[in-house]
Amino acid sequence: MNDVVAPPLVVAGAGEPAAPGRPPQWTLLCVDDEPNILSALKRSLRTEHWRVLTANGGEEALETLARENVDLIISDMRMPGMDGAQLLEQVSQRWPGSIRILLTGHADMSATIAAINRGRIFRYLNKPWDDAELQATVRQGLDLLALEREKQRLEALTQRQNAELHDANVLLEQRVEARTADLSRANDKLKRSYLTSIKVFSGLMELREARLAGHGRRVADMARKLAQAMGCSDDQAQQIFVAGLLHDIGLIGVPDTLLAKSAARYTPQEIALFHRHAEIGEQALMPLEEMQPVAAVIRAHHERFDGQGFPDKRAGSDIPLGARILAVVDAFDDLQNGQLVETPLTVQEARTMIRHSRGTQFDPEVLDVFLHITEPERPKAPAGNVVITSAQLEPDMVLAKDLVSTTGVLMLTAGQSVNALLIKRIREFELREGGKLVLHIKPRGQR
């Protein structure tokens with residue numbers, strides 16, 4: 001029969017506190033076929049707050065274990081039917097978390113060794129036992145069990161916290177990626193707006209003189225292509241492009257009469273005034289820290305390779321590469337728009353003219369590369385682009401090229417997506433101006 005040590009305790013579960021402030025209450029099972037041995041064991045264990053169950057053989061012990069949460073088992077070795085070694089071996093396999101103690105006589109040493117190996121017992125005690133030793137052994141076993149369960153609890157807690165930390169890290173990484181993508185898009189939009197503002201400003205400056213319409217944009221586009229052909233980095237090519245747009249910013253303060261005639265008819269006083277525009281252009285950009293590389297190119301774009309240019313008479317490789325590139329492209333375009341000569345030259349005439357200044361006005365290497373990349377047919381719109389009129393515009397179409405008015409004013413930049421309101425404004429502009437605009441649209445698959 002199963003007996004409970006008096007006074008009985010209400011047990012929430014094996015190894016759990018019976019009441020606040022009290023130590024954990026453990027459940028023990030004593031197994032022996034002799035009732036007097038079981039009674040003696042109960043008396044020995046009465047001094048502690050332990051719940052003690054008994055079984056008078058191996059089969060009864062297994063039945064008890066099947067329905068009770070037992071923390072520690074004390075079993076006699078010699079019992080009829082199932083002996084202690086066989087019992088503890090099954091307990092080791094089915095309830096490995098229970099501490100196992102074996103009681104044995106001096107004549108049973110070989111069987112004790114077998115029980116230790118097969119049942120993996122915690123300790124064995126000789127009969128008759130010493131009560132103090134028995135109690136100490138049980139306490140040690142329960143302490144070990146408490147440590148093991150705490151270890152398992154902490155490991156489970158650590159695994160759970162690690163899983164939560166992993167989930168938190170994944171969520172954080174996703175948020176960082178999303179935020180980075182948002183910042184990247186915002187930065188790209190800011191760059192586009194910045195560049196568009198420069199293009200608009202460049203176009204407004206050129207409105208003062210019809211011959212200059214589109215000059216800055218043409219110089220900037222060709223200068224960037226030339227920079228790329230010469231192996232400049234993307235950042236350098238972009239700086240040269242911006243310098244091309246703004247290279248004549250210093251002319252904003254000169255009289256309209258000076259811009260209205262070619263440089264071939266300048267008076268000495270007008271030549272001196274014109275020579276100052278490179279310095280004024282640099283000074284105008286002085287407050288903008290990020291524009292200083294551009295400002296340096298603008299100041300030097302009228303220097304000559306032979307040192308006879310202005311404003312600083314720099315020569316050779318002492319002139320910034322961007323300025324040497326702008327010098328070639330600027331002169332090439334000015335020869336065609338009549339800014340340098342009385343009669344505008346054709347493309348081929350302008351190529352011949354600048355070739356004569358190789359090594360004097362222009363850097364030979366820069367000029368050779370320029371002549372090489374401009375020798376083929378003029379670059380066309382990217383393959384596949386669609387050319388339409390404003391009447392054919394539809395919402396969500398994307399411009400493949402800048403939209404420029406007939407007077408050279410930049411209206412929209414390449415990459416701009418049009419909507420219904422923008423289409424309406426374009427068509428109203430055509431009605432007011434009395435002309436037709438040609439628009440280059442990206443194919444749908446490239447938008």
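1. The pocket. This is a predicted model. Its second largest pocket has a volume of about 500 Å³. The lining counts 23 residues, and those closest to the centre are His-302, Arg-304, Phe-310, Leu-340 and Gln-361.

2. Where the lining comes from. Three elements give two or more residues each to this second largest pocket: α9 (268-275), α12 (321-337) and α13 (347-355). Helix α12 supplies the largest share, 5 residues.

3. Character of the lining. The residues around the second largest pocket divide into 12 nonpolar, 7 polar and 4 charged.

4. The sheet. Elsewhere, 5 strands make an open sheet, and their pairing is parallel. Read across, the order is β2-β1-β3-β4-β5. The edges are β2 (50-55) and β5 (123-126), each of which pairs on one side only. From one strand to the next, the twist averages 20°.

5. The β4-β5 pairing. Strand β4 covers residues 99-104 and runs parallel to β5, with 4 bridges joining the two. Ile-101 stands opposite Arg-123 of β5.

6. Helix α1. Residues 35-45 form α1, which packs on the sheet. Helix α1 touches β1 (26-31), β2, β3 (72-76) and β4. The direction of α1 makes about 175° with that of β2.

7. Helix α2. Residues 58-67 form α2, which lies across β1, β2 and β3. Against β1, helix α2 runs at about 165°.

Note on methods
Residues numbered from 1 in each chain as written. Predicted model: local features only at pLDDT ≥ 70, side-chain atom pairs only at ≥ 80, totals over all residues. Heavy atoms only, no water. Pairing = 2+ DSSP bridges. Axes fitted to C-alpha atoms, helices over the stretch in contact; angles between N-to-C directions. Contact = heavy atoms within 4.5 Å. 1 Å grid on protein atoms, 1.4 Å probe; cavity = no way out; pocket = protein on both sides within 12 Å on 5 of 7 lines; lining within 4 Å. Points joined across faces, edges and corners; volume = space filled by probe spheres on them. Nonpolar A, V, L, I, M, F, W, Y, C, P; charged D, E, K, R; others polar.
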